[in-house]
Amino acid sequence: MDVKQAFAELGLSLHTNHAGRAAPVADPAGNARTRGTLVERTLQVSLFEAAFGCVKRVTGTERATCMRCAGSGEHAGTWTLGCKCLQCFGRGLHAEQCGAGSVGKVVRCEACTGSGLFQAAPPPCPACKGKGQAEHRAWVVDVQIHAGTLDGSEVASHDIRVCAASHQSARNFRIKVQVQKHPLFKLDQDRLSVIVPISVLRWSLGAELEVPTLDGRLRVPLPARPAAFWIRDQGWPQFGKPDQRKPLFVVPKMVYPEKLDAEGQRLLQALDARCKLPEVEGWNRCVQAWVGSA
Ligand SMILES: [Zn+2]
Ligand SMILES: [Zn+2]
């Protein structure tokens, strides 16, 4: 007998590492084992509601088990479900009467289909009409959304207040926040950004760029280069602190004219001829000199 076998006979395993320890059994729903039904909801909030916080009232209904029949759908009481068939006295067969006392051929009992047993099901529960479920029960909760709530985050249980009007029964709420898309702003985790399209001609003129922020429009001087930049304290708020903001990420997007009419082309050509661009002129002179020497 080797050591392994000896251990096996003692009910021990030589493999005493992680394999010997049973993994904790996960609940199929992944929730803590608390009493009450689990209610899962995705709560849609606008970008501004998530940024500055709000209270959302959420209502719902749920099916409850019928208290009369404990969900079985059967009429409560005492019912005979199986006994000897009284039509054939449990034999399952009948002898056909052929008049004048003579006995005809033997046929199968139709009442018990030949089994000799009478079998019945209890009548349906009058309260739920056999469905086993009671009326819908309504619930109402007020959900506190704090400033700076992120998309996909879960509302803490202490921020979900069950309203007094709700049907009292134990429920666990799992409410996930979904921040709706906004036509101007883009929220990626806690990075709030905005893409501002600007015509290349407008950019050449300089001056200011109008940037939408969570507090309204803001005019900022055009940066020297068309690169993304930050505006301090105009981005996504810190959680629970609407006044403490991260920076807003601004992406200027140069837009070039696609189609110009004859007048537009003439104006652009005139503008181009009028522009004295030292870099372009110097380059042209170099190219001409090089072509001449070749
Ligand atoms: Zn029978
Ligand atoms: Zn019932």
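Colleague: Which strands form the open sheet, and in what order?
Modeller: In this predicted model, four strands make up an open sheet, ordered 10-11-17-14, with mixed pairing. Strands pair if DSSP finds at least two bridges between them, and strands are DSSP E runs of at least two residues, numbered from the N terminus.

Colleague: Which are the edge strands?
Modeller: Strand 10 (185-188) and strand 14 (229-231), each pairing on one side only.

Colleague: And how do strands 11 and 17 run?
Modeller: Strand 11 (residues 191-199) and strand 17 (residues 248-255) run parallel, joined by seven bridges. Val196 is opposite Pro252 in strand 17.

Colleague: Switching to helix 4, how many residues does it have?
Modeller: Helix 4 (residues 262-274) has 13 residues; helices are DSSP H or I runs of at least four residues.

Colleague: How many of those are buried?
Modeller: The count is zero, so helix 4 is hardly covered, where buried means 20 or more other C-beta atoms, placed from the backbone, within 10 Å of the residue's own.

Colleague: Where is confidence lowest, and where highest?
Modeller: By pLDDT, the predictor's confidence in each residue from 0 to 100, helix 1 (residues 3-9) is lowest in the protein chain with a mean of 47, and strand 10 is highest at 97. The chain's mean is 83, with 83% of its residues at 70 or more.

Colleague: How is the model numbered and filtered?
Modeller: Residues count from 1 along each chain as its sequence is written, while chains are lettered from A and ligands numbered from 1 in the order written. Local features need pLDDT of at least 70 and side-chain atom pairs count only at 80 or more, but totals for chains, interfaces and linings use all residues.

Notes: The expected span of a helix is 1.5 Å times one less than its number of residues. A residue is buried if 20 or more other C-beta atoms lie within 10 Å of its own, exposed if 12 or fewer, and partly exposed in between; C-beta atoms are placed from the backbone.
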